[in-house]
Amino acid sequence: MTRAPAAPLTVGQAAALAAELRAAGRRIVLANGCFDLLHVGHLRYLREARALGDVLFVAINSDAAVERLKGSGRPLTPAGERAELLSALRAVDHVVVFDDETADGLLAALRPAVHAKGTDYAADAVPEAATARALGAAVAIVGDPKEHATRDLIALIVERFGRR
């Protein structure tokens, strides 16, 4: 018998869980992104983010937010499936879906000790840096050099298979 995957958390559920974990003395890390086509760059980002604390919450943009951020035709993978894939990763403790373009509201709701972003950002260019710092959260840039991108995978697939 196959077990049904756990549904991603709502922002309210994630905030309540984060409060419980914080009260128990757990160090919470928040990472976020679209994670439209999961690739090794995502894995390395999340593994390094997880190493910064006791519990890793991964926030994924909703389908509507991904379309607003990335354009028509995206996401390729619906939020529920993206959440299921991320939940299966050893480094990820909890997945939450949110509908905003930035994670400012999530930071305020979850109040993590660390807000982790990938190497496509510089520490002074993280969109949520001011919010994180105002809440007392550190901002950490983690992962391998930005050599992997969903847009590059899409372009490669189109190049290799688009004209068949």
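**Exercise 1. Locate P75 in this predicted model and decide whether P75 is buried or exposed.**

Step 1. P75 lies in the loop between α3 (63-70) and α4.

Step 2. The relative accessibility of P75 is 18%. Buried means under 20% relative accessible area, so P75 counts as buried.

Step 3. Leaving aside residues up to four places away in sequence, P75 touches D36, D63, V66, E67 and R82.

Step 4. S62 is 13 residues from P75 along the chain, and the C-alpha atoms of the two are separated by 9.0 Å.

**Exercise 2. Give the strand order of the open sheet and explain why β3 and β5 each have one side without a neighbour.**

Step 1. The sheet has five strands in the order β3-β2-β1-β4-β5, and the pairing is parallel.

Step 2. β3 (94-98) and β5 (138-141) stand at the edges; each has a single partner strand, so one side of each is left without a neighbour in the sheet.

Step 3. From one strand to the next, the twist averages 25°.

**Exercise 3. Trace the bridges between β2 and β3, then find which helices pack on this part of the sheet.**

Step 1. Strand β2 (residues 55-61) runs parallel to β3, and five bridges join the two. N61 has F98 of β3 as its bridge partner.

Step 2. Helix α1 (residues 11-23) packs on the sheet and touches β1 (28-33), β2 and β3. The direction of α1 makes about 140° with that of β3.

Step 3. Helix α4 (residues 79-87) also packs on the sheet, in contact with β2 and β3. Its direction makes about 160° with that of β2.

**Exercise 4. Describe the pairing of β4 with β1 and with β5, and state which way the residues of β4 point.**

Step 1. β1 and β4 run parallel and are joined by three bridges. The bridge partner of V29 is V114 in β4.

Step 2. β4 and β5 pair in the parallel sense over four bridges. Here A116 has A140 of β5 as its bridge partner.

Step 3. In β4 (residues 114-117), V114 and A116 point one way, while H115 and K117 point the other way. All four are buried.

**Exercise 5. Identify the residues of the nonpolar surface patch and classify the exposure of L153.**

Step 1. The patch is formed by L153, I157 and F161, which together have about 270 Å² of accessible area.

Step 2. L153 is found in helix α7 (residues 150-161).

Step 3. The relative accessible area of L153 is 31%. Partly exposed covers the range between under 20% (buried) and over 50% (exposed), so L153 is partly exposed.

Note on methods:
Residues are numbered from 1 along each chain as its sequence is written. This is a predicted model: local features need pLDDT of at least 70, side-chain atom pairs count only at pLDDT 80 or more; totals for chains, interfaces and linings use all residues. Side-chain values use heavy atoms; hydrogens and water are left out. Two strands pair if DSSP finds at least two bridges between them. Axes are lines fitted to C-alpha atoms, for helices over the stretch in contact, and angles run from 0 to 180 degrees between N-to-C directions. Contact means heavy atoms within 4.5 Å. Patches are made of residues with over 30% relative accessible area and no salt bridge: like charges are joined within 9 Å, nonpolar side chains (Val, Leu, Ile, Met, Phe, Trp, Tyr) within 5 Å. Accessible areas come from the Shrake-Rupley method with a 1.4 Å probe; for residues, only the protein chains shown count as cover. A salt bridge is a side-chain nitrogen of Lys or Arg within 4 Å of a carboxyl oxygen of Asp or Glu. Buried means under 20% relative accessible area, exposed over 50%, partly exposed in between (1.4 Å probe, protein chains only).
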